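Student: I would like a close look at a single part of this protein, namely its sheet and what surrounds it. Please treat the matter in one connected account.

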Amino acid sequence: MITVTKEAHVATVTLNRPDAANSLSLALLQQLHNAFYTLSYDNDVRVVIVTGAGNQFCAGADLKERKGMSDVEARQAIALIGDVVNACEAMSQPVIAAMNGAAFGG
């Protein structure tokens, strides 16, 4: 769902669901949250770049997955998105969004 590469003090986090326009499924969100948490403690990483695989950055929430969720599950998914954003914001390293195409969301 995501890939993380490190080279010369730069970590690149790639949303890797090009077949789904890199939409934010629960699995991708959990991996992204874990990656931000892990990278935030990596003293070798001085900057983090977030990008998308293929020709789109991110379509936002995975609405196909969301369609099958109960109201409680949908609220939990929205909370997880907030947790990921907060984890990104809390990183001590600068985070750069390398927008390589369309970015949508609510």
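Which residue in strand 3 stands opposite Val13?

Tutor: In this predicted model, the residue of strand 3 that stands opposite Val13 is Val50. That pair belongs to a wider register. Strand 2, residues 10-15, and strand 3, residues 47-52, run parallel and are joined by six bridges. Within the register, Val47 of strand 3 has Val10 opposite.

The connection between these two strands can be followed along the chain. From strand 2 the chain passes through helix 1 and on to strand 3, a β-α-β crossover that is right-handed.

On its other side, strand 2 is paired with strand 1. Here the two strands run antiparallel, again with six bridges. One of the pairings links Ile2 to Leu15 in strand 2. Strand 1 and strand 2 form a hairpin, with two residues between them. Ala8, in the turn, has a positive phi of about 50°.

Taken as a whole, the sheet is open and has four strands in the order 1-2-3-5, and the pairing is mixed. As general background, strands of a sheet pair through backbone hydrogen bonds, in either a parallel or an antiparallel manner. Strand 1 (2-7) and strand 5 (95-98) stand at the edges; each has a single partner strand, so one side of each lacks a neighbour in the sheet. From one strand to the next, the twist averages 20°. Helix 1 packs on this sheet and touches strand 1, strand 2 and strand 3. The direction of helix 1 makes about 20° with that of strand 1.

Helix 1 also leads to the largest pocket. The space in this pocket amounts to about 370 Å³. Helix 1 (26-40), strand 4 (56-58) and helix 3 (71-90) are the elements that give two or more residues to the lining. Of the elements, helix 3 gives the most, with four residues. In total, 18 residues line the pocket, and those nearest its centre are Leu24, Leu32, Phe57, Cys58 and Val85. By class, 15 of the lining residues are nonpolar and three are polar, while none is charged.

To draw the account together, Val13 and Val50 stand opposite each other in a parallel pairing of strand 2 with strand 3. Helix 1 lies on the path of the chain between those two strands, packs on the sheet, and gives residues to the lining of the largest pocket.

How values were computed: Residues numbered from 1 in each chain as written. Predicted model: local features only at pLDDT ≥ 70, side-chain atom pairs only at ≥ 80, totals over all residues. Heavy atoms only, no water. 1 Å grid on protein atoms, 1.4 Å probe; cavity = no way out; pocket = protein on both sides within 12 Å on 5 of 7 lines; lining within 4 Å. Points joined across faces, edges and corners; volume = space filled by probe spheres on them. Nonpolar A, V, L, I, M, F, W, Y, C, P; charged D, E, K, R; others polar. Pairing = 2+ DSSP bridges. Axes fitted to C-alpha atoms, helices over the stretch in contact; angles between N-to-C directions. Contact = heavy atoms within 4.5 Å. Right-handed = clockwise from strand over helix to strand, strands pointing away.
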